[in-house]
Amino acid sequence: MSDWKRFIADPVIAYFSMEIGVSNDIPTYSGGLGILAGDTIKAAADLQLPMVAVTLISRKGYFQQSIDEEGWQRETPNEWFPEKTLELLPVKALVSVEQRDVKVQAWLKCVKSPTGGEVPILFLDTDMDSNDPQDRTITDHLYGGDNAYRLKQEIILGMGGYRILAGLGFRVRKYHMNEGHASLLTLDLLNRTRRPVEDTWDERDSWEPHRVVQQCVFTTHTPVTAGHDRFPYDLVQRILGDEIPLYLLQELGGRGELNMTRLALNLSRFVNGVAKKHGEVSQALFPGYEIHAITNGIHPFTWASPHLVKLFSRYLPSWGTEPELLVRVDTIPDAELWEAHLGAKAMLFQYIAETTGVSLDPDLLTIGFARRVATYKRGNLIFTDLERLLRIGKGRIQLVFAGKAHPQDQPGKEIIRNIINEIKQLQGKIDIVYLENYDMELATLLIPGVDLWLNNPLRPLEASGTSGMKAALNGVPNFSVLDGWWIEGHIEGVTGWSIGPPPLGNSIDQNHTDEDVRDLYEKLENTIIPLFYEDRPGWIRVMKNAIGKNAYYFNTLVMMRRYVAEAYFR
Ligand SMILES: *Cc1c(COP(=O)(O)O)cnc(C)c1O
């Protein structure tokens, strides 16, 4: 039994997130959002901030991916056993789901930093004997099930989380909602801040939303419509009951349906997007609210390859907890940086040989592309013109892909299948592999092990993107559409290269696919390939700039200092 009571000594920031990716053996994340949450928590520990994180236990994980002969994704549950590594806390909370009492318990994982800081993560769990069998599975599947299942999960996360914190004795300075999934916590806050009805003329005057607003921070993560949960009110009434009166819920969460984003927007003092551009795009999507921007980061120590860790530690001691020191990357000799990179490349190529049987050539320019497979990310864009790709790339490039599609995302699965087909088409001409089951562990191997990091989303839908920051940290330059964080990190030919036109306007339906494809091929052929093969010192300069001009800034330590100064103490 650890002494968890040490965490309740000071008022805390309570950070709520549906998914948290903190380490590979806790598979409660699906992609960038969860990894960001994990990296946020690690940075908070590095900075010794008083924070507690709340999420769901997701006992069946997200899923484990394999790809069959025909290129179709297959999914199997990624079950894990919290009893083996986490500590069950002695307090339970009670919530109501479809008028049934549902008990919620919490498992503790403590994230520790070398600075001595610690942040507890509470994993909420309804799998208890005393619950109705149908309620025991509410916290099983991350992003699984239908709308009703999702709403039940959000009740557990928002209200279960709120009540567990209260039960444990946490005093909360701010509630930080990482995405709208946790917005229902505001209903508990509304109830708690309510004035006695006897003191008012009208029952309606007893509610004081402005007092809730002072306590909440909301970060929105995507302009993609499907990323904003909405529930019809008949479903809400059936499942949630009358926690607060319908008229009030509609006032705060939208007339026609309960929109979790709107609920959070209406009840938060500070609202932000996750990159400058995304802040502007969100502002255009939600007029009438003041939307700020705090650009995402990555946790440096988590995402540096062991080869780079060794190098940085030799030349820039304490870079991990003070990543600003990476600005001094020029103290590292070129030859040593190149050697460290080749070490990371060799590790990846060995893994590829073992898992796919393909031996890639360590001398060839190797391009990486790995992220969630969502259509807007356009994973197969580079295959638009196979002949042209062959002409440019044969004997000069090889490609490494990875990524999972959401089990219910058929168009996403078609993209994987299409990539697998193109791989077969190009067999013997350009070596390309698709690595199965993209997760944190594979990411730490894959990203540092390629020479160039490709990203070609449909702008402006990539709110931030963080894998490009992981690449930059490892001296892997970005070749990317000007969207998300890259608008802020990109200096053409200095930190990497852009694809397509500059970012213009804030409308969410822009399409520059033809220009993007043309630019992708032209730059690859005329700029990137020549630099890589004919001017190695010039290439290493770009690698160093990725570290010294991108990674020193785009990290979660810098990001957290901004949340503290701009959001938490507001
Ligand atoms: C970093 C990371 C992501 C996010 O990548 P984006 O480029 O931001 O989409 C997704 N999945 C894993 C496993 C990651 O490590």
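## Exercises: a ligand shell and its aromatic neighbours

Helices α1 (32-46), α16 (440-449) and α17 (467-473) each supply at least two residues of the shell around the ligand. Helices here are DSSP runs (H or I, at least four residues), strands are E runs of at least two, and both are numbered from the N terminus. This is a predicted model, where local features need pLDDT of at least 70, side-chain atom pairs count only at pLDDT 80 or more, and totals for chains, interfaces and linings use all residues. Residues are numbered from 1 along each chain as its sequence is written, and side-chain values use heavy atoms, leaving out hydrogens and water.

**Exercise 1. Find which residues come nearest to the ligand, then list polar contacts.**

*Step 1.* A residue is near a molecule if one of its heavy atoms lies within 4 Å of it. Of the 14 residues around the ligand, Lys377, Gly465, Thr466, Ser467 and Lys470 come nearest.

*Step 2.* For a polar contact with the ligand, look for a pair of N or O atoms within 3.5 Å. A polar side-chain atom of serine 467 lies 2.4 Å from a ligand oxygen atom. For threonine 466, a backbone N or O atom is 2.7 Å from an oxygen atom of the ligand.

*Step 3.* Now check the cover: taken alone the ligand exposes 390 Å², and the protein buries 96% of that (Shrake-Rupley method, 1.4 Å probe).

**Exercise 2. Classify the ring pair of phenylalanine 401 and tyrosine 434, and decide whether each residue is buried or exposed.**

*Step 1.* Rings of Phe, Tyr and Trp (its six-membered ring) pair if their centres lie within 6.5 Å; planes under 30 degrees apart are stacked, over 60 edge-to-face, and the rest tilted. The structure holds 18 aromatic pairs.

*Step 2.* As a warm-up, tyrosine 162 and tyrosine 175 have ring centres 5.7 Å apart and planes at 25°, so they are stacked.

*Step 3.* For phenylalanine 401 and tyrosine 434, the centres are 6.4 Å apart and the planes at 5°, so this pair is stacked.

*Step 4.* Phenylalanine 401 lies in strand β16 (residues 397-402) and tyrosine 434 in strand β17 (residues 432-435), so the pair ties together parts 33 residues apart in sequence.

*Step 5.* Buried means under 20% relative accessible area, exposed over 50%, and partly exposed in between (1.4 Å probe, protein chains only). Phenylalanine 401 has 2% and is buried; tyrosine 434, at 10%, counts as buried.

Definitions and conventions: A polar contact is a pair of N or O atoms within 3.5 Å; within protein, one must be able to donate a hydrogen and the other to accept it, and residues adjacent in sequence count only if both atoms are side-chain atoms.
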